[in-house]
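Work through the exercises below with the sequence and the 3D view at hand. Each task is followed by a solution in steps.

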Amino acid sequence: MQGKWHIAAIEPRRDPEDDKKSHSKTKKPILALPKGLVDPGESPEQTAIREVREETGVEATPIAKLTDIRYVYVRTWSDKQRVFKIVSFYLLTYRSGRIGEIAENMRHEVKRALWLPLDEAPRQLSYRGERDVVKLAQAYIASHPEI
């Protein structure tokens, strides 16, 4: 797009209960990278490709693995258990599809999908770890001009 790299980002659907708890009258949308659970028999790379397709409508081809992010969260929607999670992030290249053509079964999770210019993404993504992933993508692209 106009000679610039872009990333496919999503705005996850917010839980109405979270919105009620928020004291801010102007809620800035959460912008994140697509991600999800590894299905049985699936590799993390296959999961990344599938999740990008389901959550954004874009078919993509892997270029390189960027990193793994490890974190713990508390399930607020059910049993309040602590969950340890590892998310693998990959640099992918666009192959086909239209951003925003989100799979029907994902519309309960994803409000919208959009392109963000890669150079603006570290300022626009909501989560620090994902902003760091974008910086890794920028460094990879800078050191691999052949892509």
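**Exercise 1. A salt bridge between two strands**

Start from the salt bridge that joins the side chains of Arg112 and Glu11, 2.6 Å from N to O. Find the elements in which Arg112 and Glu11 lie, and decide whether each residue is buried, partly exposed or exposed.

Solution. The model is predicted, so local features need pLDDT of at least 70 and side-chain atom pairs count only at pLDDT 80 or more, while totals for chains, interfaces and linings use all residues. Residues are numbered from 1 along each chain as its sequence is written, and side-chain values use heavy atoms, with hydrogens and water left out.

Step 1. A salt bridge requires a side-chain nitrogen of Lys or Arg within 4 Å of a carboxyl oxygen of Asp or Glu. By this rule the count comes to 13 salt bridges.

Step 2. Arg112 belongs to strand S4 and Glu11 to strand S1, so their contact ties together parts that are 101 residues apart in sequence. Helices (H or I, at least four residues) and strands (E, at least two) are DSSP runs, numbered from the N terminus.

Step 3. Buried means under 20% relative accessible area, exposed over 50%, and partly exposed in between (1.4 Å probe, protein chains only). Arg112, at 35%, is therefore partly exposed, and Glu11, at 10%, is buried.

**Exercise 2. The strands behind that bridge**

Determine in which sense S1 and S4 pair and over how many bridges.

Solution. Step 1. Two strands pair if DSSP finds at least two bridges between them. S1 and S4 (residues 110–117) have seven, in the antiparallel sense.

Step 2. As one point on this ladder, Ile10 has Ala113 in S4 as its bridge partner.

Step 3. S1 covers residues 6–12, and five of its seven residues are buried, so the strand is largely enclosed by the rest of the structure.

**Exercise 3. Further salt bridges**

Which parts of the chain does the salt bridge of Glu130 and Lys35 tie together? Then look at Lys65 and Asp68, and at the network that includes Arg50.

Solution. Step 1. The closest N and O atoms of Glu130 and Lys35 are 2.5 Å apart. Glu130 is in helix H4 (residues 128–143) and Lys35 in the loop between helix H1 (16–21) and helix H2 (44–56), so the pair ties together parts 95 residues apart in sequence.

Step 2. Glu130 has 5% relative accessibility and counts as buried; Lys35, with 24%, is partly exposed.

Step 3. Lys65 and Asp68 meet at 3.0 Å, N to O. Lys65 is partly exposed at 43%, and Asp68 is partly exposed at 26%.

Step 4. Salt bridges also link Asp39, Glu42, Arg50, Glu51 and Glu54 in a network.

**Exercise 4. Aromatic pairs**

Classify the two aromatic pairs of the structure.

Solution. Step 1. Rings of Phe, Tyr and Trp (its six-membered ring) pair if their centres lie within 6.5 Å; planes under 30 degrees apart count as stacked, over 60 as edge-to-face and the rest as tilted.

Step 2. For Tyr71 and Tyr73 the centres are 6.3 Å apart and the planes at 40°, and the pair is tilted. Tyr71 is partly exposed at 29%, and Tyr73 is partly exposed at 26%.

Step 3. Tyr94 and Trp115 have ring centres 6.2 Å apart and planes at 70°, so this pair is edge-to-face. The pair links distant parts of the chain, with Tyr94 in strand S3 (residues 82–97) and Trp115 in S4, 21 residues apart. Tyr94 is partly exposed at 45%, as is Trp115 at 27%.

**Exercise 5. The core**

Which element gives the most to the largest nonpolar core?

Solution. Step 1. A nonpolar core is a set of buried Ala, Val, Leu, Ile, Met, Phe, Trp, Tyr and Cys residues joined through side-chain atoms within 4.5 Å.

Step 2. The largest such core has 17 residues, of which Ile7, Leu33, Leu116, Ala121, Leu125 and Val134 touch the most other members. At least two residues each come from S1, S3, S4 and H4. H4 gives the most, with four residues.

**Exercise 6. A loop residue**

Locate Lys80 and state whether it is buried or exposed.

Solution. Step 1. Lys80 lies in the loop between strand S2 (58–74) and S3. At 52% relative accessibility, Lys80 counts as exposed.

Step 2. The phi angle of Lys80 is near 60°, a positive value in a residue other than glycine.
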